[in-house]
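Below is a short report on a protein fold, from its sheet to its salt bridges and cores. Have the sequence and the model open while you read.

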Amino acid sequence: MPTKLTHSIALVTGASSGIGAATARRLAEDGASVVLVARRKDRLTELAAEIEKAGGTALVVEADIADRGQAEAAVQRTVERFGRLDILVNNAGLMLLGPVADADVEEWERMIAVNVQGLLYTTRAALPHLLRAAEDGPRRVADVVNISSIAGRVAWNGYGVYNLTKFGMNGFTESLRQEVTQRHVRVGVLEPGGVDTELGSHNDHKPEIREAIGTFFEQTEVLAPDDIADGVAYMVTRPRHASVGELWIMPTDQA
């Protein structure tokens, strides 16, 4: 039986774990063929096998989107395999925290490369195909969903450079939305807060950061990656003329 995304092609970056993997599963359940993009090919292969066992279709693309050539190649492989691209979910990201004065500059550079440059490279490569899908694809609309963070709206001590990347993503999303919305490419940002994923594990070598994150999780009802995947599905399965420009998904305060 056809579902909401039957015949649609979705590319998900950062698909090897967490929100990316959950989103890929959910879009496949809704009928989309999914392109799984990340650096960890072994995890992508396992996820693809899981999706295909459930009756879906998945393509594994090992790529580091912080490299422009690899980001462009991932989009090209998608179009070569499926003929078009209908949905882009920019999920790949790093969260490396710490005071500006004590920061590891190499960590900054890597986070900026993934969170900002990777976003730009992948979106730029995908945009011509999304515009084409909006004109003559099965849904007559295309979608870009950028997975940001509540840190794109609220600044905290120790989050300075991470805030920079997420505030930037939010501004980019709004600008792009204005640029292409009249051509039926819907662009939205999804901003979760308090999600338990591997994202925080990048700070495990920083005891003070690990303790702060742990305290936060103890005081809230932590979201799961599937909760965010539900939000992505909600954004891309809306009627053609209904767009969600910004969606916040926040944990419930247990207090």
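Which residue is the bridge partner of V12 in β2? It is L36. This is a predicted model, in which local features need pLDDT of at least 70 and side-chain atom pairs count only at pLDDT 80 or more, while totals for chains, interfaces and linings use all residues. Residues are numbered from 1 along each chain as its sequence is written, and side-chain values use heavy atoms, with hydrogens and water left out.

**The sheet**

Strands (E, at least two residues) and helices (H or I, at least four) are DSSP runs, numbered from the N terminus. Two strands pair if DSSP finds at least two bridges between them. Strand β1 (residues 9–13) runs parallel to β2 (residues 33–38), and five bridges join them. Both belong to an open sheet of seven strands with parallel pairing, in the order β3-β2-β1-β4-β5-β6-β8. β3 (58–62) and β8 (246–249) stand at the edges with a single partner strand each, so one side of each has no neighbour in the sheet. On average, neighbouring strands of this sheet are turned by 15° against each other, direction ignored. Axes here are lines fitted to C-alpha atoms, for helices over the stretch in contact, and angles run from 0 to 180 degrees between N-to-C directions.

Helix α1 (residues 18–29) packs on the sheet. It touches β1, β2, β4 (87–90) and β5 (142–147), contact meaning heavy atoms within 4.5 Å. The direction of α1 makes about 170° with that of β1. Helix α2 (residues 41–53) also packs on the sheet, touching β2 and β3. Its direction makes about 175° with that of β3.

**Salt bridges**

The whole structure holds 12 salt bridges. Each is a side-chain nitrogen of Lys or Arg within 4 Å of a carboxyl oxygen of Asp or Glu. Three of them are tabulated with the relative accessible area of each partner. Buried means under 20%, exposed over 50%, and partly exposed in between (1.4 Å probe, protein chains only).

| Acid | Base | N to O distance |
|---|---|---|
| D30, buried, 15% | R26, partly exposed, 23% | 3.5 Å |
| E135, partly exposed, 48% | R183, partly exposed, 45% | 4.0 Å |
| E191, buried, 0% | R153, partly exposed, 38% | 2.8 Å |

R183 lies in the loop between α5 (160–180) and β6 (185–192), and E135 in helix α4 (residues 105–136), so this pair ties together parts 48 residues apart in sequence. E191 sits in strand β6 and R153 in the loop between β5 and α5, so the parts tied together there are 38 residues apart in sequence. R26 and D30 also join D230 in a network of salt bridges.

**Cores and rings**

A nonpolar core is a set of buried Ala, Val, Leu, Ile, Met, Phe, Trp, Tyr and Cys residues joined through side-chain atoms within 4.5 Å. The largest has 39 residues. Those with the most contacts inside it are L11, V35, V37, V61, L130, V180 and V185. At least two residues each come from β1, β2, β3, α3 (68–82), α4, β5, α5 and β6. α4 gives the largest share, 10 residues. Apart from this core lies another, of 33 residues, including I51, V145, I147 and L223.

There are two aromatic pairs. Rings of Phe, Tyr and Trp (its six-membered ring) pair if their centres lie within 6.5 Å. Such pairs link W156, Y159 and Y162 into a cluster.

Note on methods. Phe/Tyr/Trp six-rings, centres within 6.5 Å; stacked < 30°, edge-to-face > 60°.
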